[in-house]
Amino acid sequence: MAEGDGLTMNNLLSEVQGALDKFKLEDEGGPGGDYYSPYANLEKAAVLQEARCFHDPTAVRESPRKCCTVIAQLLHLTNTGQYMNSAEATEVFFGVTKLFMSDDASLRRMVYLFIKDVAETCNPDDVIIVTSSLTKDMTCDVDLYRANALRVLARIVDAAMLGAIERYVKQAVVDSSGQVSSAALVSATHLFERNEESAAIVKRWISETTEATSSPNEMVQFHAMQLLYQIKKHDRLGMQKLVTQFSQRNTLRSPLALVLLVRYTTKLLTDEVAEGRQTGSFQNGTNFSRAGYAFLEASLRHKSEMVVYEAAKSICALPGIEPQELSPAVNVLQLFLSSPKPAVRFAAIKTVSQVAVNHPRMVSKCNEDLEALIADANRSIATLAITTLLKTGSENSIDRLLKQISVFLSEIPDEYKVTIVKSIQRLCLTYPAKHRVLVGFLSNFLREEGGFDFKRSIVNSIISLMKQVPETTEGSLLHLCEFIEDCEFTMLSTQILHLLGELGPGTSAPARYIRFIYNRVILENSAVRAAAVGALSKFAARCPSLRSSILTLLKRSLDDEDDETRDRASVAVSVLKGAMDEFPYVPPAEDADPDEEPVPDEPQAGDPAAFVLLQGLPMSFDRLDRSIRAYVKAPAAMDSPEQLTLSTLPIVEEYEEPESAVDEDDNIGADTALAAAVSGKEEEKKEVVDPAAAVYAIPELAALGRVFRSSPPKALSEEEAEYVVTCVKHVMPDHIILQFPIQNTIEDQRLVNCTVTVEGDSECFEVAGEVAAESIKYGETANAFTVISRNPDAPLAPCNFECVLNFGVIQVDPKSGEDESEPFEEEYPLEELEVATSDFMAKVSVPDFRSSWELVGNANEVLEKFALQFKKQEDAVTAVIDFLGMQPCDGTGHIKPGEGGKKPHMLHLSGVFVGGTNVLARAQVAAQGDASGVLLKIAVRSDDPDVSRMVADCIR
């Protein structure tokens, strides 16, 4: 008995301790304490054992709460990765279906939730079993059951079963209960997106859906408008009719439904402009444009703030909207700026800030309200207010704005400061005369406390301003010199030192920067010391008058403990000594006439210091690496007696523009390496696969020589075709090798002896041979090759080739893969293949386009003028690049957003023609005022007049 009593006491103590662990006391588990989940440490086997209670009718009727707990535990297991196998899922699912016998509302809702959650993981045949129970619930008198049953059925039925219950769902759409009607509409939306068969059935419910928009329940109206849009979104006229009807009838009472109607109207108006049906003012445009804009303007007077704001935002977002049409929306947003609700103020200021980019004068009347928001407690609102004021402020108000901002900047986090810095930079571009004040303001904050991102944004902004407003260069360099005196960020110090080496020698007094640079040699870490030595070397190379002084400073770094610094100093000292001996500097005479032109302080022609220390590599390190790898992979490359020089390396193309002009505001003056250092992870470099590797793998083709360039793959058949064929053109000086990757998509066939017959009428090209793909099984891809020889005496001209796939077909058993027949010959016609002059041009950029353009000269220049049939200037720029096959330089490959058609766009292009001829082109693309097309003026330069003419003739 004592033993039994002791056991009972121990059990009691264990229960008490367990309860204390589960429900922690406030002093232990209050704020900051660990949260104990009631589902922690669940074991799947124990929960599955508990789930057997579903099969007990007595337990289901008397203990529905226990069944709810078990279902919750099962859902927790499946949502935390502890999945049930097929047998377990089937057993549990059948048990859950027996819970329909209970009338407990909470349990029934848990059953619905469980079926929805496991519907996609269970066997579809098992899921169908509950359809009858769900259909019964869908037609019962309890709205809660009807609504939830509809939602579950939408997850499990297919198109065939949907047709059987269509009548019930259509009735539910127009049901008097808002809960049921809303559930039916949401279910219909999900069914519409599932597959085309279900969508076709849902489209038949359009009359019921339209009737549901008259429901007194606001949520039903909202869901009905959603479904109507899903059904009609690809029917432009139908959508216009829908929008017109609802905007004129004024039957929608739901603010959410009206917000949808405003968005649909905005999309249609935007499409009208994009497709060219609407130009100029919306009030004087097409019938729909006038009605649509009138509805948006009327919505500005709605009693719901949600609808009013959506209408104002939509009007502001309309493309090409006139200022007078924008005025009502700006007036409403101005009222919202003084709203007591922070969310409304934030929404209004964000939209106003976006409007200020294109219509600063329209927003300037809100400046008083914006200035009041600078002191807003919400820092996001205050930051947007400042950036907007910087866009709309006049030149006279800049000083007052900067005074307000200086107080504000010290109180906000760095991420907000970065946004304001970018806005100040744009303001400086708007008012260049204020560059001293604005650059001085930015430099003051360089010396304040701040993180790396904030300091980097200021440095990048100052650097960008120096490029775009040259008057800021000397003052900005001095500000940056003062910053690096106590800069704690190595990356910024090295970036600024590199900039000083590039720009400092070209200023009016380059000697003033030497002290700042040499201080870094004495006081900084090894990376900064090396950068400082490099900067001093560039000063000495470009300014002969400073060489003797700088040489003395550089000699002190010959004993530096860092290898990089010491090596840079050694090279610089050696080169400068030789240059000073060969070209000694002669200072100007003291009695020189002040009216005479002074001798420029520049290195003479042939100066070794200028060549070694200033001349860069003709290609980037990335291109050099790829070129050497391509050289090594070429057959017999390492056995060749030819000396390996930069000029003999293979040409490697650049498919991406090295310097993008898009989205400058987000990455102004940024450095890729710098960005990688900030993020803490290096930029992932994809392994570049040599496209000519397949050619070199075949000895007969490899014997033809090195591939000059390979074109991107071009599809010659549809992706869904029986045989998918693409083509890659490998260009050589005297041949073109056409590589045809062929994919077999037919399961019961094997293709043998596959070749592509190419026929064309051209004096320049002649088919010389073929290499067949021996065997292609189902799902595999193999290569066939066709060799075309080129007549070097005939001028290059575009040529179209007719292509036919010839192959033998062997029927195979799909299961075993064994052959079942002898091969029989087949033909499969392919699309035409064009060989254009641009195929012989490699996309290769030059480091400095302007200097390269002057270096080539105009001896072999070809000038042409064309009228291109493009509606948009952006399309014409893209087409010119494609026609010529050349690489855009200096960020000219894109037109900045918002500038299309406003002024002529100058395009700089470079490339290498087959044979190694460097080609440069300048193209001016201008949109004609009468919208009749685009005017192109192009100049092509190279060392070969025939090549210049061929490239210019590529425009068609």
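This section describes the overall organisation of a predicted model of a protein chain, the confidence assigned to it, and the surroundings of residue E524.

The protein chain comprises 956 residues, of which 47% are buried. Its secondary structure consists of 42 helices and 17 strands. When contacts between residues at least 6 apart in sequence are considered, 65% are found to join residues at least 24 apart. The area exposed by the protein chain amounts to about 49,300 Å², and 50% of this area is supplied by carbon and sulfur atoms.

The average pLDDT of the protein chain is 82, with a score of at least 70 for 89% of the residues. Two segments with pLDDT under 50 may be noted. Over residues 1-7, pLDDT stays under 50, and the model has zero contacts beyond four places in sequence for this segment. Residues 24-33 likewise have pLDDT under 50, and here the model has four contacts beyond four places in sequence. Predicted coordinates should not be read in detail where pLDDT is low.

At the level of a single residue, E524 is located in a loop, between helices α31 and α32. The former helix spans residues 514-523 and the latter spans residues 526-542. The relative accessibility of E524 is 18%, and E524 is therefore classed as buried, the cut-off for this class being under 20%. Once neighbours within four places in sequence are set aside, the contacts of E524 are with I484, C487 and R529. Of these contact partners, R529 falls within the span of α32.

Technical notes
Residues numbered from 1 in each chain as written. Predicted model: local features only at pLDDT ≥ 70, side-chain atom pairs only at ≥ 80, totals over all residues. Heavy atoms only, no water. Helix = DSSP H or I, 4+ residues; strand = E, 2+ residues; numbered from the N terminus. Buried < 20%, exposed > 50% of the residue type's maximum accessible area, 1.4 Å probe, protein only. Contact = heavy atoms within 4.5 Å. Areas by Shrake-Rupley, 256 points an atom, 1.4 Å probe, with all protein chains shown as cover. pLDDT = per-residue confidence, 0-100.
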